[in-house]
Amino acid sequence: MQAVILAGGKGTRLRPLTVYTPKPIVPVVNRPFLLYQIEVLRRAGIKNITLSLSYQPDKIEDVLGDGSEYGVELRFITEPNPLGTGGAYRFAADELRETTVVLNGDILTDFDLSTILSFHREKGSAATLALKSVEDPRTYGLVESDTDGRILRFIEKPKPEDLDELAVNTINAGIYVLEPAILDLIPKGENRSFEYDVFPEIMGRKMPFFAYVLDSEYWRDIGTPASYLTAHHDFLDGTIKGFELERSQHTDIATAAIVDSRSVLGDDCVIKPGARVSNSVLGPGVHVEEKAVVENSVIWAHTRISTAADIRDAVIGRSCHIGRNVVVSAGSVLGDKTALTDYTKV
Ligand code: GTP
């Protein structure tokens, strides 16, 4: 059994965070994101993992290495030009031609993949998709399946007035189990999308095509800044369980500073007297000066937050300089090396 992680997208929605750090390795609670997916695959006994890359591939390879540190074997395949999700799968999985678990490289989940694999085998399926119920399906493509799990149709971004009638709220969760027969539906070297090209082709050919609906499992697409921040809060408040959080012992926190028990700090953080950090994640080497406040936020490595600055519900990239008395308000997302002059409000 092999897995392919689709990790070649540009991650435009997560800009500016993805300008210097490709989405698959953005830090999530101070770990490169894909390590969570690698852990989920390893737990299901899948150790042969191919990373399908296109955008900034060298950075991803440098950070993840050969996988031995994580108990898996990582193989990296870089497309000559972006091939889309379906084309990337063909390019990455062609050689091995065996049942393959395919993951979108921006899905955070604690899903036990062995359940979808058993389901796939029981049904004799050629392609199985995990689906997730969402409360507001307006911005998604919906997938309708029957009680037996057979996929009936795909409905692209429905109009609000049609939603009540549809009674469908399950979306494609970006987790697939595919038999090698699917490879033959994708022309070699050409750009193809799963949603727009491959899935309609499977339907058209009436191949066994099933859906497995996720239930209580945690699932989130971390591809937007708001969702990326929420994923952190889900870790800190225990909504997502089953992953160890690394809390550094090598920090310098003044006795007159307050760091709440939820917050996670990386190595070599310095928190000065009168500063307050709550419900936040600080990367390694972050400095928070006197009387500064960091609340509900994510701060990447080596950023300095000067005296009396006030940061709330924000994401701040690497090596930024936040001046004295600066106010960074809810929803702000600052790219790496941003410098904010004293008293700036964003
Ligand atoms: P946005 O630009 O913000 O939409 O993000 P994205 O580029 O990641 O696109 P999207 O979220 O639609 O992609 C879903 C998954 O497929 C992500 O994990 C991408 O990394 C991956 N992906 C998208 N296009 C390609 C591609 O051409 N090649 C490869 N290898 N992966 C891709």
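Analyst: Strands in this predicted model are DSSP runs of E, at least two residues in length, numbered from the N terminus. By that rule, Val29 is found in the loop between S2 and strand S3 (31-32).

User: Why is S2 (27-28) called a strand?

Analyst: S2 spans residues 27-28. It counts because a strand needs at least two residues.

User: What makes the phi of Val29 stand out?

Analyst: Val29 has a positive phi, about 45°, and is not a glycine. Most residues other than glycine have a negative phi.

User: How do you know that the peptide bond from Arg15 to Pro16 is cis?

Analyst: Its omega is near 5°. Most peptide bonds are trans. Pro16 sits in the loop between strand S1 (2-6) and strand S2 (27-28).

User: How is the protein chain divided?

Analyst: Domain 1 covers 2-236 and domain 2 covers 252-340. Their centres, taken over C-alpha atoms, are 33 Å apart.

User: What makes these domains count as being in contact?

Analyst: Contact requires heavy atoms within 4.5 Å. Domain 1 brings 14 residues to the contact, and domain 2 brings 21 residues.

User: How much area do domain 1 and domain 2 bury between them?

Analyst: About 1,400 Å², with 73% of it on carbon and sulfur atoms. Leu17, Asn30 and Leu236 supply 40% of what domain 1 buries against domain 2, more than any other three residues.

User: Why is the count of salt bridges between domain 1 and domain 2 zero?

Analyst: A salt bridge needs a side-chain nitrogen of Lys or Arg within 4 Å of a carboxyl oxygen of Asp or Glu. The count between the two domains is zero, so the rule is not met there. Three residue pairs are in polar contact across the interface.

User: Which helix gives the largest share of the side of domain 1 that touches domain 2?

Analyst: Helix H7 (residues 225-236), with six residues. By class, that side of domain 1 has 10 nonpolar, four polar and no charged residues.

User: Which residues come nearest the ligand?

Analyst: Leu6, Thr12, Ser52, Glu79 and Gly105, out of 19 residues around the ligand.

User: Why does the backbone of Leu6 count as being in polar contact with the ligand?

Analyst: The cut-off is 3.5 Å between N or O atoms. A polar backbone atom of Leu6 is 2.7 Å from a ligand oxygen, so the pair qualifies. For Gly8, a polar backbone atom is 3.1 Å from a ligand nitrogen. For Leu83, a backbone N or O atom lies 3.4 Å from a ligand oxygen. Those pairs also fall within the cut-off.

Terms used
Residues are numbered from 1 along each chain as its sequence is written. This is a predicted model: local features need pLDDT of at least 70, side-chain atom pairs count only at pLDDT 80 or more; totals for chains, interfaces and linings use all residues. Side-chain values use heavy atoms; hydrogens and water are left out. Domain bounds come from an automatic or database domain assignment. Buried area is the accessible area (1.4 Å probe) that two parts lose on being put together, summed over both. A polar contact is a pair of N or O atoms within 3.5 Å; within protein, one must be able to donate a hydrogen and the other to accept it, and residues adjacent in sequence count only if both atoms are side-chain atoms. Helices (H or I, at least four residues) and strands (E, at least two) are DSSP runs, numbered from the N terminus. Ala, Val, Leu, Ile, Met, Phe, Trp, Tyr, Cys and Pro count as nonpolar, Asp, Glu, Lys and Arg as charged, and the others, Gly among them, as polar. A residue is near a molecule or strand if one of its heavy atoms lies within 4 Å of it.
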